[in-house]
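User: I would like a close look at a single part of this predicted model, taken slowly and with its surroundings included.

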Amino acid sequence: RWRRIGTMSDNVLALLRKKIDDERRALSEHLASGAAKDIEEYRRICGKTEGLNWVHGEIVELEKRLDEF
């Protein structure tokens, strides 16, 4: 039973991590291309990126803890 739950949670976390990575990449490319229309958009994207980076780190830590079980 625990193995099944671990595998399911691994899949969910991997999917979440991929979605976060995709969004971080898209935001980074947007900024790198100079497409931010003004400083407010630039700041908003930087804030989103910071939040996504934090969530990504939390997911990685959770995956490590789950691997210990």
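How many residues does α2 have, and what distance does α2 reach from its first C-alpha to its last? Please go on from there to what α2 buries and what it touches.

Analyst: In this predicted model, α2 has 29 residues and reaches 42 Å from its first C-alpha to its last, which is close to the 42 Å expected at 1.5 Å a residue. The buried residues in α2 are Glu41, Ile45, Leu52, His56, Ile59 and Glu63, a list that holds nonpolar as well as charged side chains and that can be followed along the helix.

Glu41 counts as buried because its relative accessible area is 13%, under the 20% cut-off for that class. Leaving aside neighbours within four places in sequence, Glu41 is in contact with His30, Ala35 and Ala36.

Ile45, Leu52 and Ile59 belong to the largest nonpolar core, where they are joined by Leu13, Ile20 and Leu27 to make six residues in all. Two elements, α1 and α2 (39–67), give two or more residues to this core. In soluble globular proteins, nonpolar side chains tend to be buried together.

Seen from the α1 side, Ile20, which lies in helix α1, is buried, since its relative accessible area is 7%. Not counting residues up to four places away in sequence, Ile20 touches Leu52, Val55, His56 and Ile59; one of these, His56, is 36 residues from Ile20 in sequence, yet the two are 6.9 Å apart in space, C-alpha to C-alpha. Leu13, another member of the core, touches Ile59, Leu62, Glu63 and Leu66 when residues up to four places away are again not counted, and Ile59 is therefore a contact of Leu13 and of Ile20 under the 4.5 Å limit for heavy atoms.

Glu63 brings a charged contact into the picture, for its side chain meets that of Arg17 in a salt bridge (2.8 Å, N to O). This pair links distant parts of the chain, with Arg17 in helix α1 and Glu63 in helix α2, 46 residues apart. The two partners fall into separate accessibility classes: Glu63 counts as buried because its relative accessibility is 15%, whereas Arg17, at 24%, counts as partly exposed. The structure holds seven salt bridges, and the pair described here is one of them.

Key:
Residues numbered from 1 in each chain as written. Predicted model: local features only at pLDDT ≥ 70, side-chain atom pairs only at ≥ 80, totals over all residues. Heavy atoms only, no water. Core = buried A, V, L, I, M, F, W, Y, C linked by side-chain atoms within 4.5 Å. Buried < 20%, exposed > 50% of the residue type's maximum accessible area, 1.4 Å probe, protein only. Helix = DSSP H or I, 4+ residues; strand = E, 2+ residues; numbered from the N terminus. Expected span 1.5 Å × (residues − 1). Salt bridge = Lys/Arg side-chain N within 4 Å of Asp/Glu carboxyl O.
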